[in-house]
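User: I'd like a close look at one part of this model. Could you pick a spot and walk me through what surrounds it?

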Amino acid sequence: MESQNLAETPPTMAHKLKRNLTFRSKWAELNGAMGDLGTYIPIVLALTLAKDLNLGTTLIFTGVYNIVTGAIYGVPMPVQPMKSIAAAAILDSGFNIPEIMAAGICTGGVLLVLGATGLMQLVYKLIPLSVVRGIQLAQGLSFAMSAVKYIRKVQDFSKSKSIGNRHWLGLDGLVLALFCACFIIFVNGAGEERNETETDVVVDEERNSKRRRIRRIMASIPSALIIFILGVVLAFIRRPAVVKDIKFGPSSIDVVQMTKHAWKEGFIKGTIPQLPLSILNSVIAVCKLSSDLFPGKEFSATSVSITVGLMNLVGCWFGAMPCCHGAGGLAGQYKFGGRSGGCVAILGMAKMVLGLVLGTSLVIILRQFPVGLLGVLLLFAGIELAMTCRDMNSKGEVFVMLICTAVSLVGSSAAIGFLSGIAVHLILKLRDMGRDQSCSTINIRATP
């Protein structure tokens with residue numbers, strides 16, 4: 001009997017992997033795969049230009065991460081750059097590849113320990129929903145504001161700053177970006193209502209049938225994929241000579257040499273500011289958002305924390321960019337149609353192919369990609385994440401959420417916003433407890 005049970009285990013696992021990677025809708029999943037590129041491309045491009053990040057190695061490793069996480073979770077779980085570490089590298093001339101990788105390894109190690117010991121799951125259960133929503137709203141609005149900046153201003157990603165207003169006309173002009181934004185709104189509308197049912201009955205059934213048919217046709221148009229392909233075409237048109245500069249073949253993958261100084265600087269300047277963001281946005285917010293978007297597919301904070309830890313403990317030794325999951329990427333991929341692990345798996349395969357065929361020379365093409373179009377994709381990813389906060393019902397919950405959001409945005413720190421939200425939540429709880437006790441004392445005295 002035991003041998004029979006063991007023989008039945010592999011098919012069960014194979015069936016689960018097949019189910020997790022199966023496309024719900026071919027065009028919708030391909031479209032959803034583009035939903036995270038508004039975050040991914042600018043940061044990777046900035047690190048490649050400013051710090052000579054090995055783009056080929058990063059594409060190969062992040063491609064593998066996409067495929068593995070898609071197979072494990074069965075949802076479009078994103079793989080994003082660690083933003084605080086990237087910001088430290090871009091702004092600090094002494095924070096180079098060894099320091100970046102040391103920061104990624106240290107962050108991954110801490111997250112792995114928190115996940116393996118069960119502490120991350122404990123934190124997830126204790127944090128109030130209103131505080132989580134505040135972090136999500138802050139991240140969503142931050143994405144949206146960055147997106148508007150990409151659309152309005154010309155960007156120098158190597159220095160992480162704007163260098164002037166964008167022209168109205170041109171292959172990366174305001175008119176093009178606004179047209180693409182309107183195209184997405186026309187095709188996707190405000191997004192799918194997750195609680196939408198078919199109980200609403202319309203008297204004119206023929207009219208209702210036509211309306212549903214039009215909606216199905218509109219939903220089948222891969223808006224984000226069309227915009228991304230348009231951006232690639234425009235990149236070649238903007239600089240036709242780019243074809244001559246491309247060198248085919250993968251980049252060499254070498255072990256990064258890290259000194260004691262690199263470990264110290266990486267931990268102090270990279271890991272310490274990154275950890276609160278990774279814990280709150282890459283684990284806590286991702287777990288909550290996945291349960292909101294995909295009912296019945298709730299993931300433990302333990303498993304998400306462990307996968308983020310393992311990604312960095314493996315790839316950073318070879319020069320791959322420090323990575324994490326992110327609520328914004330998950331919301332963006334969901335917004336454009338991603339519903340299964342196959343969405344990110346196909347993105348991962350595309351990354352691996354590009355990394356093996358083009359390697360670091362891909363940066364030549366990315367430098368010509370219209371930044372305004374990346375801003376459009378990032379804008380809708382941010383809005384989708386921010387809209388998850390509309391389930392706050394009581395005034396107290398909304399109050400805590402907005403305090404957390406405001407402090408996170410103004411202080412540019414999710415950790416400070418989180419602590420402020422927790423403090424306000426506890427103060428309100430103490431106030432309610434005091435009021436309840438005083439009411440009960442009055443009732444006792446009033447009793448004859």
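Analyst: Here is a walk around one proline, followed by a loop residue and a helix for contrast.

Keep in mind that this is a predicted model. Let's start with Pro76, which is found in the loop between helix 4 and strand 1 (80–81). Is Pro76 buried or exposed? Its relative accessible area is 0%, so Pro76 counts as buried, the cut-off being under 20%.

What does Pro76 touch, leaving out residues up to four places away in sequence? The contacts are Phe294, Leu330, Gln333, Gly338, Arg339, Ser340, Cys343 and Val344. There's also a pairing with Ala33 to look at: Ala33 and Pro76 sit 43 residues apart in sequence, while their C-alpha atoms are 7.9 Å apart in space.

Now for the other loop residue. Asp52 is found in the loop between helix 3 (37–51) and helix 4. With 62% relative accessibility, Asp52 counts as exposed. Its backbone is worth a glance too: phi is positive, about 60 degrees, although Asp52 is not a glycine.

Helix 4 (55–73) turns up again as part of what covers the buried residues of helix 14. That cover also includes helix 6 (97–116), helix 7 (119–126), helix 13 (260–293) and strand 4 (323–324). Helix 14 itself runs over residues 301–315, 15 residues in all, and spans 22 Å from first C-alpha to last, close to the 21 Å expected at 1.5 Å a residue. Its buried residues are Ala301, Val304, Ser305, Thr307, Val308, Gly309, Met311, Asn312 and Gly315.

Key. Residues numbered from 1 in each chain as written. Predicted model: local features only at pLDDT ≥ 70, side-chain atom pairs only at ≥ 80, totals over all residues. Heavy atoms only, no water. Helix = DSSP H or I, 4+ residues; strand = E, 2+ residues; numbered from the N terminus. Expected span 1.5 Å × (residues − 1). Buried < 20%, exposed > 50% of the residue type's maximum accessible area, 1.4 Å probe, protein only. Contact = heavy atoms within 4.5 Å.
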